[in-house]
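Biologist: I'm new to reading protein models, and I'd love a close look at one part of this one. Could you pick out the open sheet of 5 strands and walk me through how it is put together, and then show me what surrounds it in the rest of the protein?

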Amino acid sequence: MDRYIDRLMAKMTLHEKIGQLNLCGAGDVYTGPVVRSNIAERIRKGEVGGILSLKGVDYIRSIQEVAVEESRLGIPVIFGKDVIHGYETVFPIPLGVSCSWDLEAIEQSARIAAVEASADGICWTYSPMVDICRDARWGRMSEGSGEDVFLGSRIAEAMVRGYQGDNTYRRRDQVMACVKHFALYGASDGGRDYNTADMSRLRMYNEYMPPYKAAIDAGVGSVMSAFNVVDGIPATGNRWLLTDLLRSDWGFDGFVVSDASSVVEMCAHGMGDTQEVAALAVNAGLDMDLGSEAFMRTLEKSVDEGRVSIDKIDQACRRVLEAKYKLGLFEDPYKYCDVSRPAKEVYTPEHRAFARRLATETFVLMKNDNRILPLRKEGKIALIGPFLTDCKEIQGTWSPSGATEKYTPILDAFRTAIGDRAELLYARGCGFEDEADEEQIRNYLRDKGADFAYRPGTPEDADEAVRVASEADVVVAFLGEHEMQSGESSSRSELTLAASQRALLERLLQTGKPVVLVYFMGRPVVMDWETEHVPAILNVWFPGSEAGDAIADVLFGDVNPSGKLTASFPRSVGQIPIHYDELPTGRPLPEGSKFVKFTSAYLDVPNTPLYPFGYGLSYTTFEYSPMTLSADRMTEEGTIEVSVDVRNTGDRAGDEIVQLYLRDLVGSISRPLKQLKGFERIHLDRGETRTVTFTISADLLKFYNADLEYVCEPGAFEVMVGPNCMEVERRRFELIK
Ligand code: BGC
Ligand code: BGC
């Protein structure tokens, strides 16, 4: 590779080298200000290193032909896309997928996404998104794995393995992954997108950085820099972040791409003019400019003026060429352009079946009074809500390759599931949101090229829904966020159900019929009212292309729900940021009390979340035996085994996610009250018991101390095991010298 690239670079002009650093759109899906261009002409001139967001292998192949046959050096273009939670087979949003805690299935979902994307011409995906987030106001929480650093890190690794396989890219269905958004993007102030993130190095190293590092240790090929500042300097121009930490400390040897237009956006951050910010970025260690054309427009001048060394340009160019080399594009530029593949490999029955099963694992049963669920397929079942007849609202954010015309609307899936065993009644009942957002949703659907005429709810819709509900034996209300109410640039300051939806729900409850709420959401929401009034609630996030079948599977009990929350659900927005792994205070609120003067508490709301991290019910019940420890002391070289017997005490088979938490009781810095350090997803038949064993090694006890050294400190620890972070049994052990 080195020799090949040496020889190639020896032939390249400075203009062509900078061209390799240019990643541009061709006018398709894109979020920032698009700098439109005649793409073919620019490729011929050697001004395009990569293109993003195209769909269709024929189209991509024709562009690659221009690069290979009509540009001076024939360097192939790299084609990237946001393949975030599937391609045409769309999996639930990543936050939903994380609630499966099923690492094998998560890896498989990335693998299927890689197969489909690569069949359609894509060799590079802007995933996984591993930004830790404890602020549900931030709409992009939907794209990550929730609040937890340990689970988030394991998922980051699984996703990289799924996309990249063994990291050799020998197969033509392995694509390069891109971990993002480096770094701290999920910690924006006030949950407002693109806003400032600022935190201590301790928090950074212990709580926010590990998932990025896990992806890098797993061999991820590329990194995307974040929009926000890190220590006051935009990530895209932050030398400490992109070079000292990423390359010197972590040993990353792939390439770094900016986020959309984030190079030129450094002007708005107050870092200088276009030429200055482009120089800042490349000097900091950024290799590729996504969409802003700032490199293309100014780097030659900066080299002339001595603001950027030719070595810096060479280094960045080399990294981009290395990625192309590793992907095998120099050997075969059409490796990912086999036009016969999509028909056989995209949206296949196998992929769909897998997506359906995975979706069922992501649903979280929040409540199930009087065991209303599962529903029986008999009598009259009323399905109410705006999500039922069109698939455009249920794929979830960042699914630009989705083919909604191929998917089955929820109503149709329920018809199939029920056959003639029960009667299905339907009414739309309401729209998605209240006035302010209706307009946005309409515009969004129009931008998506939707043939769909968005219609807000009317009073007549609600009346009809109530009439339909009154005729039924059971009412299922499908309510919640429209998919565009979470995701990028979708921060919200209120997280409750839209007023019109709440009003409808209230009227449905007044009919006296049993009501089940199927709640769509792209983030934790505030559901205190619903919890108080609705007997059964199933959170389904945005379930993707197989939504209808998956929801029917779970509501009718063909699949027992098993998902558990990966983010705390607050009682009110005022509790945010909220996360289970907080530090103790010097004035803890006594357990069980709501408020005690002069302790750390709110006057008007308990400290606890409404639903804690790790929470989720099943149609069966599980009983945990007291845990046993193989020893109560260990050395740094030693281990302790923690075992617990879990028994299925209900009347049907089900999956349980058993969780292990640790607390370092005394340290050189204050340590969290508990931290997830292990989990296992087990299947238990009715009456079956299984022993789950976790091994505690020094690795699980390590943290970054005040000098940012990664250490474990001798002393007492608490070990906790349970079905969620609150219902745990506690034991102690000691780490000795
Ligand atoms: C988003 C990224 C995405 C990129 C390219 C940006 O707006 O922040 O997550 O990968 O666009 O489409
Ligand atoms: C308060 C201080 C005060 C001190 C002595 C503490 O509870 O935080 O502001 O000066 O008591 O009364």
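Modeller: Sure, here is the sheet, followed by a tour of the rest of the chain. Keep in mind that this is a predicted model, so everything below is computed from it.

Let's take the sheet strand by strand. Going across, the order is S19-S27-S26-S21-S22, and the pairing is mixed. If you're wondering what holds such neighbours together, strands of a sheet pair through backbone hydrogen bonds, either parallel or antiparallel. Now look at the two ends. Strand S19, residues 633-635, and strand S22, residues 675-684, are the edges. Each has a single partner strand, so one side of each is left with no neighbour in the sheet. The sheet isn't flat either: ignoring direction, neighbouring strands are turned by 25° against each other on average.

Zoom in on the S22 end. Its partner there is strand S21, residues 654-664, and the two run antiparallel, paired over 9 bridges. If you want a spot to click on, try isoleucine 657, which sits opposite arginine 681 in S22.

It helps to put a second sheet beside this one. An open sheet of 6 strands has the order S11-S16-S15-S14-S12-S13, again with mixed pairing. Strand S11 (364-368) and strand S13 (423-427) are its edge strands, each pairing on one side only. Here the twist averages 15° from one strand to the next. Inside this sheet you can find a parallel pair: strand S12 (residues 380-384) and strand S14 (residues 474-480) are joined over 4 bridges. There, isoleucine 384 faces alanine 477 in S14.

Now zoom out. The protein is divided into domain 1, covering 347-555, and domain 2, covering 620-735. Taken over C-alpha atoms, the centres of these two domains are 36 Å apart. Counting everything up, the protein has 23 helices and 27 strands. As for overall shape, the C-alpha atoms fill a box of roughly 75 × 65 × 45 Å along the principal axes. A compact globule of 737 residues would have a radius of gyration near 27 Å, and the protein has 26 Å, which agrees.

Finally, the empty spaces. The largest pocket holds about 1400 Å³ of space. It is lined by 46 residues, and His579, Tyr580, Glu582, Asn607 and Leu673 lie nearest its centre. Helix H8 (residues 201-208) gives the largest share of that lining, with 3 residues. Sorted by class, the pocket lining has 20 nonpolar, 12 polar and 14 charged residues.

There are closed-off spaces too: 8 cavities of 30 Å³ or more. The largest cavity has a volume of about 170 Å³. Of its 22 lining residues, Ile84, Pro94, Val97, Ile155 and Met159 are the closest to the centre. Helix H5 (94-98), helix H6 (103-119) and helix H7 (149-164) are the elements that each give two or more residues to this lining. By class, the cavity lining has 15 nonpolar, 6 polar and 1 charged residues.

Methods:
Residues are numbered from 1 along each chain as its sequence is written. Chains are lettered from A and ligands numbered from 1 in the order in which they are written. This is a predicted model: local features need pLDDT of at least 70, side-chain atom pairs count only at pLDDT 80 or more; totals for chains, interfaces and linings use all residues. Side-chain values use heavy atoms; hydrogens and water are left out. Two strands pair if DSSP finds at least two bridges between them. Axes are lines fitted to C-alpha atoms, for helices over the stretch in contact, and angles run from 0 to 180 degrees between N-to-C directions. On a 1 Å grid over the protein atoms alone, a cavity is a set of points where a 1.4 Å probe fits but cannot get out, and a pocket is an open set with protein on both sides within 12 Å along at least five of seven lines; lining residues have an atom within 4 Å of a point. Grid points are joined across faces, edges and corners, and a volume is the space filled by probe spheres set on the points. Ala, Val, Leu, Ile, Met, Phe, Trp, Tyr, Cys and Pro count as nonpolar, Asp, Glu, Lys and Arg as charged, and the others, Gly among them, as polar. Domain bounds come from an automatic or database domain assignment. The radius of gyration is taken over C-alpha atoms; the globule rule is 2.2 Å times the number of residues to the power 0.38.
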